[in-house]
Amino acid sequence: MEILQIVGFGLIGTFLALILKEQKTSFAFLLTLVIGITIFLFLIDQIALVLRMLQHLAEEAHINLMYVETIMKIIGIAYIAEFGAQITKDAGQGAIAAKIELAGKILILVMALPILSIIIETVINLIPR
């Protein structure tokens with residue numbers, strides 16, 4: 001029941017941040033940042049487990065590990081960009097958050113280009129000439 005611990009920790013942090021926000025806004029933001037990072041660090045073991053399982057499944061299915069690694073990097077970029085954007089929004093910097101999200105999308109596109117080119121080549125080769 002790790003989710004109960006995470007939610008409980010998050011709720012306690014939220015209540016403390018709300019109390020601190022009335023007196024010291026900067027401390028409330030720092031508390032929010034620390035809570036978010038702590039929750040992320042708490043999940044690292046679970047993330048590693050998922051990565052190992054996906055790698056094992058890819059090996060069993062004889063899928064090129066480059067594809068799996070690329071997809072995992074893309075997912076990682078998406079999560080990190082979302083996390084950074086949410087923290088930035090919590091600090092009241094919506095414009096910067098939008099730029100973080102844009103950077104994440106562009107990096108995802110760059111990471112996906114090799115896979116997209118292989119798919120396009122495969123489709124072209126399937127078309128009779």
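Helices here are DSSP runs of H or I with at least four residues, strands are runs of E with at least two, and both are numbered from the N terminus. This is a predicted model, where local features need pLDDT of at least 70, side-chain atom pairs count only at pLDDT 80 or more, and totals for chains, interfaces and linings use all residues. Residues are numbered from 1 along each chain as its sequence is written, and side-chain values use heavy atoms, without hydrogens and water.

Let us start with the pocket. The largest pocket has a volume of about 960 Å³. A pocket is an open set of points on a 1 Å grid where a 1.4 Å probe fits, with protein on both sides within 12 Å along at least five of seven lines; lining residues have an atom within 4 Å of a point. Of its 33 lining residues, G36, F40, F83, Q86 and I87 are the closest to the centre. Two or more lining residues come from each of α1 (2–23), α2, α3 and α4 (65–90), and α4 gives the largest share, with 11 residues.

F40 deserves a second look. This residue lies in helix α2 and is partly exposed, with a relative accessible area of 37%; partly exposed means between the buried limit (under 20%) and the exposed limit (over 50%), using a 1.4 Å probe and protein chains only.

An unreviewed UniProt entry lists residues 27–51, 63–81 and 106–127 as "transmembrane region". Two of these spans are described here:

| Span | Helix | Strand | Distance between end C-alpha atoms |
|---|---|---|---|
| residues 63–81 | 89% | 0% | 28 Å |
| residues 106–127 | 95% | 0% | 30 Å |

How values were computed: UniProt positions renumbered as here; feature names shortened; annotations may be inferred. Points joined across faces, edges and corners; volume = space filled by probe spheres on them.
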